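Here's a quick briefing to read with the model open beside you. Take it one topic at a time and look up each residue as you go.

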4 protein chains.
Amino acid sequence: MALKNSRQYLESVKRLAPRVYVGGKWVSNLLDHPVTRSMVLANAAVYDLAQDESCQSVMVADSHLTGNPVNRNVHVCRSIRDLDMRQEMALLTSRTVGTCNYRCVGCDAINGLASTTWEMDLDLATDYNARFNRWLTGIQNGDLAVSGAITDAKGDRKKRPSQQDEPDVYVHVTEKLSDGIVVRGAKVSQSGAIGAHETLVLPGGGLREGEEDFALAFAVPNGSPGLTYICQYNAYSAEREMAEDESELGNPLFGQRETSTMVFDNVFIPWDRVFLCGETKYCGKLVTRFAKTHRMNCGGACKVGFADLIIGATLLAAEYNGVEKIPHIQDKLIEMVRLSETSHACAIAAAVKGREEPQGSGVFMPDDLFGNVAKLNIAHGFWEIMKLAGDIGGGLLVTMPRLKDLEDPEVGPLLRKYLQSAAPAADRLKAAKFLQHWTAGLHGPGTWHGAGAPQGQRVMIYHLTDFEAKKKLAKKLMSLRNLESM
Amino acid sequence: MALKNSRQYLESVKRLAPRVYVGGKWVSNLLDHPVTRSMVLANAAVYDLAQDESCQSVMVADSHLTGNPVNRNVHVCRSIRDLDMRQEMALLTSRTVGTCNYRCVGCDAINGLASTTWEMDLDLATDYNARFNRWLTGIQNGDLAVSGAITDAKGDRKKRPSQQDEPDVYVHVTEKLSDGIVVRGAKVSQSGAIGAHETLVLPGGGLREGEEDFALAFAVPNGSPGLTYICQYNAYSAEREMAEDESELGNPLFGQRETSTMVFDNVFIPWDRVFLCGETKYCGKLVTRFAKTHRMNCGGACKVGFADLIIGATLLAAEYNGVEKIPHIQDKLIEMVRLSETSHACAIAAAVKGREEPQGSGVFMPDDLFGNVAKLNIAHGFWEIMKLAGDIGGGLLVTMPRLKDLEDPEVGPLLRKYLQSAAPAADRLKAAKFLQHWTAGLHGPGTWHGAGAPQGQRVMIYHLTDFEAKKKLAKKLMSLRNLESM
Amino acid sequence: MALKNSRQYLESVKRLAPRVYVGGKWVSNLLDHPVTRSMVLANAAVYDLAQDESCQSVMVADSHLTGNPVNRNVHVCRSIRDLDMRQEMALLTSRTVGTCNYRCVGCDAINGLASTTWEMDLDLATDYNARFNRWLTGIQNGDLAVSGAITDAKGDRKKRPSQQDEPDVYVHVTEKLSDGIVVRGAKVSQSGAIGAHETLVLPGGGLREGEEDFALAFAVPNGSPGLTYICQYNAYSAEREMAEDESELGNPLFGQRETSTMVFDNVFIPWDRVFLCGETKYCGKLVTRFAKTHRMNCGGACKVGFADLIIGATLLAAEYNGVEKIPHIQDKLIEMVRLSETSHACAIAAAVKGREEPQGSGVFMPDDLFGNVAKLNIAHGFWEIMKLAGDIGGGLLVTMPRLKDLEDPEVGPLLRKYLQSAAPAADRLKAAKFLQHWTAGLHGPGTWHGAGAPQGQRVMIYHLTDFEAKKKLAKKLMSLRNLESM
Amino acid sequence: MALKNSRQYLESVKRLAPRVYVGGKWVSNLLDHPVTRSMVLANAAVYDLAQDESCQSVMVADSHLTGNPVNRNVHVCRSIRDLDMRQEMALLTSRTVGTCNYRCVGCDAINGLASTTWEMDLDLATDYNARFNRWLTGIQNGDLAVSGAITDAKGDRKKRPSQQDEPDVYVHVTEKLSDGIVVRGAKVSQSGAIGAHETLVLPGGGLREGEEDFALAFAVPNGSPGLTYICQYNAYSAEREMAEDESELGNPLFGQRETSTMVFDNVFIPWDRVFLCGETKYCGKLVTRFAKTHRMNCGGACKVGFADLIIGATLLAAEYNGVEKIPHIQDKLIEMVRLSETSHACAIAAAVKGREEPQGSGVFMPDDLFGNVAKLNIAHGFWEIMKLAGDIGGGLLVTMPRLKDLEDPEVGPLLRKYLQSAAPAADRLKAAKFLQHWTAGLHGPGTWHGAGAPQGQRVMIYHLTDFEAKKKLAKKLMSLRNLESM
């Protein structure tokens with residue numbers, strides 16, 4: 001079977017040559033810099049999941065293009081069951097790597113494009129869908145990692161793309177040539193783009209007439225000329241860079257979610273990689289379809305996997321401290337489960353109440369209302385879970401010494417003596433470090449904004465709800481005079 | 001087809017002769033007293049739903065006993081789809097009558113017994129299941145209304161059933177005869193028992209060895225000798241009793257959830273109506289199976305129907321006041337939808353992740369964790385929804401005059417003049433009265449305790465969660481040194 | 001001392017002859033109708049508090065007009081200590097009667113007018129303050145009950161007072177005569193106006209130029225010609241009306257908060273009772289000063305008294321059921337205390353951080369920000385307290401029979417036998433009835449909207465916060481390069 | 001006046017020689033290592049506040065020992081006003097340095113000891129109070145920085161101090177000599193101990209008979225022989241250590257709260273520095289008095305200062321992005337203010353409702369219930385504030401590049417071009433970095449556990465509440481039959 005394993009993926013990464021800048025340095029080999037390396041290793045681990053027999057019902061699907069088994073990360077959902085397995089994949093990958101499945105956004109972008117290019121071809125007699133299917137067949141056959149780029153830099157939020165003082169804050173076409181287009185602009189917060197073989201670029205939102213230059217969807221290979229990745233850099237990057245050994249970090253191999261600002265400086269995209277160009281009317285649809293899929297997955301299910309890890313580590317910490325039987329501790333664990341399973345339930349409901357969209361396309365999309373509700377619930381719930389984990393984990397989570405201090409000849413014995421509890425100090429500190437990573441790091445704002453800030457979901461819920469039907473139900477009941485009037 | 005309509009049901013109610021006491025009076029005809037009448041009319045309306053073609057996929061199922069179409073309220077779930085339709089029925093009925101589907105508890109009791117009697121017969125070579133199926137066939141063929149009685153009076157909660165000063169606070173066997181058993185005790189908070197043709201009585205919880213007399217499940221026909229129904233009575237009962245005309249009430253025809261305390265004073269139950277007697281070991285299973293089903297339905301889906309009504313009426317009130325476009329009003333409506341749809345999602349997840357239990361029984365039970373989460377979410381969510389409805393509805397909800405004051409020759413014109421808004425005063429007050437019923441009445445504590453108080457769900461979540469698996473996931477990730485160690 | 005006791009107040013009420021309509025009936029004697037009677041009795045009980053030596057530091061103050069001791073309900077705050085005692089009075093009265101101190105709004109209106117009339121006289125050389133002081137001297141000397149009327153009927157909320165189709169939905173001047181003015185309109189939700197000797201009428205909000213006719217503050221004696229009180233009427237009114245005996249009700253003597261819609265049909269107000277007439281510019285100030293005072297008292301402190309009653313009854317219910325030692329029960333009681341004391345703390349902070357306003361007036365006003373925060377906290381907190389009380393109280397709160405059923409010769413013994421717990425059934429049901437009144441009645445929306453809906457407080461917080469100062473603090477700290485730059 | 005300024009304090013720090021270990025390195029000069037330096041600079045800035053005339057009413061008080069003006073950080077509260085200024089100091093210092101006032105715990109320990117040593121001398125005829133006053137006079141005269149050490153390492157939380165496998169996990173006496181005592185053990189999470197001239201060591205909680213060796217309070221000078229400080233070390237430490245220049249950090253000069261584990265390896269303490277030794281009965285009192293003071297300050301007021309900074313920066317970020325006028329943004333700012341001011345109100349109430357304790361001691365303690373409520377509110381509120389700041393700050397908060405990348409010749413221009421908004425990229429990123437420090441760092445668990453984990457406050461609230469009084473109030477009201485029975 002053509003599915004790549006981690007070794008094969010890592011080999012392929014060595015052949016990539018993106019222009020990557022990380023906190024003051026250009027990185028020539030992604031596996032050399034500890035920060036970019038963590039991102040690549042997470043991808044590798046997700047590749048291996050598809051090799052694990054016990055995971056294959058989730059990780060592997062049959063391509064509707066070739067009939068061959070493909071990694072679900074590059075599969076188009078063709079049934080309710082596909083949707084259900086898609087959200088289960090989100091849960092499985094996040095609980096396995098404790099960070100992004102860096103192919104997740106790309107997967108949801110693939111689904112948004114599968115649906116929307118089909119509709120455009122039908123409506124406009126374009127051949128976007130055929131192009132897209134050719135491109136996707138290649139991706140599936142090569143089992144390539146595809147990331148997705150949605151969020152433009154945006155500039156002044158009060159202004160539309162075409163009104164910005166600096167027009168390049170939105171990705172746009174600068175030239176249309178016979179063999180392709182030239183694009184300029186920047187996409188921010190791009191998870192895992194540096195280690196992906198390709199990136200699918202979508203518009204950042206709905207567009208209006210007159211904004212045709214910004215109406216743009218295309219695939220761009222890693223390291224295309226003109227493309228620069230400026231990576232995020234923060235305390236956790238510094239800690240990883242300074243660490244003598246990954247094992248002293250909270251999530252040793254896979255780290256935090258790593259993103260970059262992708263700068264497109266007149267990047268050439270051949271036409272066979274362009275899947276929307278100028279059709280403003282379809283941008284809203286495309287983005288909505290991407291979003292509803294992504295909110296089910298990244299919003300609903302993925303964070304449940306994180307929560308599983310946090311809940312597990314919190315209980316470990318409780319046991320190490322000797323407090324696991326105390327009622328308020330148990331009550332907090334229950335609350336963490338409630339919050340997490342609520343989100344999972346919403347993701348499941350989004351999947352099973354999904355439907356073909358547009359009809360005839362063969363592409364299945366999750367229920368939009370439940371997807372938005374899933375994301376909204378976990379946005380709040382995840383902060384609550386962090387808070388409760390921090391409660392049980394204790395002050396040590398933020399006042400603990402460096403893990404490797406345990407090995408220092410002078411200080412190590414002191415720590416081992418004084419920080420022992422119902423468990424050796426090393427176990428206790430290891431669990432604390434893991435929880436530090438979750439409760440005192442980037443996950444709060446990250447989870448909140450991933451798959452779109454909650455206000456976006458609220459607006460969607462307003463538009464998706466059939467308020468008229470509810471008014472009618474109420475009106476009928478409040479005015480009943482007898483059974484026959486029902 | 002044998003499914004009853006409202007008229008046929010009402011006819012049958014006239015033939016019932018329960019011993020019913022309501023707030024100081026014995027009621028001889030359930031349709032004469034305005035309080036008992038509202039309960040019966042709600043049941044009647046639910047009967048009619050099964051006649052409505054657009055509702056039949058939800059309301060009607062094929063009996064596994066006879067193959068005939070039966071009302072889903074007396075159907076045993078035999079598939080995931082049955083479970084899904086069961087929760088959709090809960091939503092449909094509650095949004096239609098704005099109060100209990102009074103056959104709901106009975107339906108879930110039927111499912112609990114279908115599963116548990118099957119298991120007992122397998123394990124113990126009893127013939128409970130055969131008996132039960134015979135009884136159920138009669139119920140289905142007659143399309144009878146069955147209520148369910150679970151909660152004992154309980155006495156001092158610190159003491160087990162057998163330790164109570166007054167043993168009769170738990171329903172129990174006082175005598176076993178050749179042709180049946182004699183039972184004594186009381187079940188409280190029995191929704192719709194007065195208007196049901198039969199009531200299924202289940203134990204109130206798990207039981208231990210030595211508590212055999214309390215291990216008891218049976219069906220009792222309405223009005224059996226020795227059976228007394230003492231109805232709840234409160235401000236809303238008084239208001240209904242005093243009303244000149246139902247139309248001046250918040251939920252005109254169907255009112256509040258009406259319950260009674262059922263007192264069993266040496267009631268004789270023939271053996272063919274006894275479905276568990278002394279098998280303490282199976283009581284916990286039976287109650288858990290009932291509860292998981294009921295939490296999906298009454299906990300998850302039913303309240304979504306109520307929420308639909310509240311949301312609809314709240315928006316009406318906002319429009320009548322002219323405030324429906326204000327951002328904070330819209331945001332509150334969104335929040336109401338979020339809370340309500342979250343609960344629906346959990347009910348759906350409970351249904352679609354359900355399974356046959358026990359294997360071989362053919363009976364499908366919802367996923368227990370999601371069912372408990374559904375109930376827990378709506379318990380809190382419903383108070384929140386009430387609060388938000390009260391916010392938008394305005395102070396008028398609790399300071400409004402009597403609806404019929406609008407008709408008074410002197411006062412009516414004053415009210416019509418001064419309480420007009422963006423709508424006539426009558427519309428505005430009608431909507432306010434409807435919301436008064438929801439936000440200033442019995443629904444807060446009622447929703448909280450229906451299907452069991454939230455602490456019960458929390459305890460269940462603790463027991464249902466696989467914490468060891470989560471610990472293992474966390475431990476693995478925090479200790480990784482390389483990909484191969486995954 | 002001239003302070004009235006309850007007997008003297010009740011005597012004076014017998015001499016009142018308001019035009020009062022309650023749920024379909026005109027009431028000629030307030031003490032005859034059970035609903036109006038409950039309101040009057042609550043007022044009477046508050047009168048008696050000022051006779052109770054242990055309460056006099058709270059209930060009695062020295063008049064700045066006469067130097068004599070006066071009931072604090074008609075006192076103008078002249079110091080921080082006055083403010084602190086004012087909020088303590090709110091707590092004391094509400095925990096004593098379990099319903100409104102019906103002189104509370106009037107007291108806060110008196111304070112708003114004392115401050116604003118002083119300022120108008122200073123600015124405009126009017127003599128409103130002198131008039132007001134003359135009027136107030138009479139009130140204090142007679143120890144009269146003064147209610148306050150603020151909220152206009154408002155009509156279509158999208159429109160200003162002068163734009164309404166029906167101009168009478170806001171109280172306004174229709175004629176100015178040499179000896180007084182004529183007013184028309186309606187004030188809604190007037191707590192205790194029917195049993196007050198006088199009502200202070202204030203504008204409902206800020207007004208603009210061109211709205212002079214609505215700029216109006218005056219005192220109107222109970223039962224003035226042209227004045228009609230249309231009382232609220234709801235389930236709790238019906239229950240009280242139907243009760244054979246007040247002792248079967250939740251709050252036997254004092255009941256729910258009782259309000260009325262006051263209709264002014266060309267009511268003549270002599271000039272010496274007019275305290276603002278046409279000065280639109282001062283309406284916002286007047287209302288804000290009233291509101292800040294009322295939010296401290298009604299918002300912050302009053303509900304703490306209610307919470308004390310609810311917490312006490314909830315613990316009683318827990319003890320009667322035998323569950324008071326269970327950790328989650330204790331945790332819920334703690335939460336109720338936290339919510340309640342938070343509100344009290346905010347009221348205290350509002351009082352002790354108060355100040356003279358305007359400077360030179362001698363009138364002390366609470367801190368506005370803390371007052372708004374107090375009200376906002378308890379608006380949410382009270383619903384939470386209701387929820388928790390309902391949790392511990394149990395389903396019985398809404399499914400209990402009528403209290404007097406305990407006395408029925410047939411049904412009584414059954415209830416006494418079956419509903420006994422760790423306490424006799426009568427105690428248990430009494431506590432349940434009391435909690436029913438709090439958790440399944442009017443208090444949710446009532447508390448929310450009393451002293452203004454929370455959105456009003458949110459808007460005030462926005463305007464009261466010095467955001468620029470906070471920006472400056474942040475900016476300074478984020479840009480520091482060395483200590484000297486601080 | 002003898003109050004030190006920052007320069008004088010920094011001079012004095014150069015003369016300290018503590019044994020300090022930070023993330024793998026021994027630090028010989030606290031001003032050389034960027035992490036320890038940040039702690040020392042924060043202390044220095046707090047010294048300067050007392051030099052600032054506009055702050056002196058808050059920062060300076062008159063010593064009751066010498067009559068001289070002293071820094072309030074080493075002052076004993078002798079009045080309600082002192083308590084109020086004490087909490088205002090907490091607010092002022094935290095909004096100035098954006099991290100701990102590292103003299104805060106010491107100040108509250110001084111107050112706990114002032115009260116408890118006075119009581120011990122009265123009860124036991126010891127001379128602890130005289131000793132303590134001599135020591136404190138020296139501290140005040142030298143304006144020394146005193147930190148406080150409370151929390152023991154604790155080992156297995158299921159076991160009492162004397163039952164631990166490793167007895168040294170609690171600080172205890174190992175030898176009593178004629179001139180002093182020898183102590184061993186470890187105190188964890190010690191804020192600012194490394195840069196304090198002295199540390200006051202208190203027991204970690206109440207103790208029982210038989211635990212005399214752990215009943216111990218004393219002052220220990222910085223760098224005493226046998227004393228080792230093992231500093232916390234985490235991502236933020238690494239980032240500071242790696243930074244080329246402090247200005248690229250979120251809180252440039254003052255950083256995160258820096259703590260250490262203080263290891264006492266047979267440290268000798270002369271008797272005149274020992275303030276409790278063996279009197280187990282007074283440990284609970286001492287700790288409770290410390291705690292109630294600290295919960296008012298660290299719990300209530302300090303976090304309000306942090307919130308001011310966060311709110312200010314959040315509004316800046318909103319303005320830079322051009323979204324500050326959007327209703328939901330404004331609503332979130334309001335919510336942040338509400339949460340923060342609620343906590344401030346509770347601190348104020350704790351102060352103004354404080355009292356002398358014990359009577360005759362002259363020491364004023366805040367109200368315990370309000371102090372606990374303050375801490376509990378902000379524990380939850382601060383997470384909420386972080387969440388809301390993260391919402392408005394945007395994804396950039398966690399995906400932004402390194403600040404100094406703006407200076408890179410190649411990457412800098414790209415960032416300046418693409419990340420400009422309604423403000424230049426540099427301003428926007430500076431604000432984002434500041435918010436990153438608050439929302440994606442140590443402050444969540446830090447705020448939660450500082451001044452004790454919330455469960456401790458809940459337990460205290462349970463013990464501090466007069467539930468019997470509340471039961472009595474409820475019982476009286478529910479049983480009233482007439483006014484005279486009140």
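What follows is a tour of how the chains meet, then some backbone oddities, then salt bridges.

Keep in mind that this is a predicted model. Chain C pairs up with chain B, and chain A pairs up with chain D. Salt bridges turn up in quantity too: a search over all chains finds 148 of them.

**Where chain C meets chain B**

- Let's start with the contacts: 78 residues of chain C touch 78 residues of chain B.
- In terms of area, about 6,600 Å² gets buried between chain C and chain B, and carbon and sulfur atoms give 61% of that. Three residues stand out here, since C:Trp383, C:Lys387 and C:Tyr418 supply 11% of what chain C buries against chain B, more than any other three residues.
- If area seems an odd way to describe an interface, note that interface size is often given as the accessible area lost when the parts come together.
- How many salt bridges are there between chain C and chain B? The count is four. In one between these chains, B:Glu410 pairs with C:Arg19, and their closest N and O atoms are 3.4 Å apart.
- There are also 26 residue pairs in polar contact between chain C and chain B, counting pairs with both residues at pLDDT 80 or more. Sorted by class, the side of chain C that touches chain B has 32 nonpolar, 25 polar and 21 charged residues.
- Try spinning one copy onto the other: a rotation of 180° with 0.0 Å of shift along its axis puts chain C on chain B, with an RMSD of 0.0 Å. The two copies are thus related as by a two-fold rotation axis.
- Every bit of the interface is shared: 100% of the interface residues of chain C are also interface residues in chain B, so the copies meet through the same surface.

**Where chain A meets chain D**

- Now for the other pair, where 78 residues of chain A are in contact with 78 residues of chain D.
- Chain A and chain D bury about 6,600 Å² between them, with 61% of it on carbon and sulfur atoms. Look for A:Trp383, A:Lys387 and A:Tyr418, which supply 11% of the area chain A buries against chain D, more than any other three residues.
- Four salt bridges are counted between chain A and chain D. A:Asp168 forms a salt bridge with D:Lys417, the closest N and O atoms being 2.5 Å apart.
- A rotation of 180° with 0.0 Å of shift along its axis superposes chain A on chain D, with an RMSD of 0.1 Å.

**Backbone oddities**

- As background, most residues other than glycine have a negative phi, and most peptide bonds are trans.
- A:Glu357 and A:Pro358 are joined by a cis peptide bond, with omega at about -10°. You'll find A:Pro358 in the loop between strand S13 (355-356) and strand S14 (364-365) of chain A.
- Chain D has a cis bond as well, running from D:Glu357 to D:Pro358, with omega near -10°.
- A:Asn266 isn't a glycine, yet its phi is positive, at about 55°. A:Asn266 sits in strand S11 (residues 259-270) of chain A.
- Is B:Ala125 buried or exposed? B:Ala125 is exposed, with a relative accessible area of 68%. B:Ala125 also has a positive phi, of about 60°.

**Salt bridges worth finding**

- Side chains of opposite charge can pair when their charged atoms come close.
- A:Asp308 forms a salt bridge with A:Arg95, the closest N and O atoms being 2.5 Å apart. This pair links distant parts of the chain, with A:Asp308 in helix H8 and A:Arg95 in helix H4, 213 residues apart. A:Asp308 counts as buried, at 1% relative accessibility, while A:Arg95 is partly exposed at 26%.
- A:Lys353 forms a salt bridge with B:Glu88, the closest N and O atoms being 3.8 Å apart. A:Lys353 lies in a loop of chain A and B:Glu88 in helix H4 of chain B, so the pair joins two chains.
- C:Arg103 forms a salt bridge with C:Asp143, their closest N and O atoms being 2.9 Å apart. Both C:Arg103 and C:Asp143 are buried.
- Finally, find the network of salt bridges that links A:Glu119, A:Lys285, A:Arg289, A:Lys292, A:Glu357 and A:Asp368.

Key:
Residues are numbered from 1 along each chain as its sequence is written. Chains are lettered from A and ligands numbered from 1 in the order in which they are written. This is a predicted model: local features need pLDDT of at least 70, side-chain atom pairs count only at pLDDT 80 or more; totals for chains, interfaces and linings use all residues. Side-chain values use heavy atoms; hydrogens and water are left out. Contact means heavy atoms within 4.5 Å. Buried area is the accessible area (1.4 Å probe) that two parts lose on being put together, summed over both. A salt bridge is a side-chain nitrogen of Lys or Arg within 4 Å of a carboxyl oxygen of Asp or Glu. A polar contact is a pair of N or O atoms within 3.5 Å; within protein, one must be able to donate a hydrogen and the other to accept it, and residues adjacent in sequence count only if both atoms are side-chain atoms. Ala, Val, Leu, Ile, Met, Phe, Trp, Tyr, Cys and Pro count as nonpolar, Asp, Glu, Lys and Arg as charged, and the others, Gly among them, as polar. Copies are superposed by least squares on the C-alpha atoms of residues with pLDDT of at least 70 in both. Helices (H or I, at least four residues) and strands (E, at least two) are DSSP runs, numbered from the N terminus. Buried means under 20% relative accessible area, exposed over 50%, partly exposed in between (1.4 Å probe, protein chains only).
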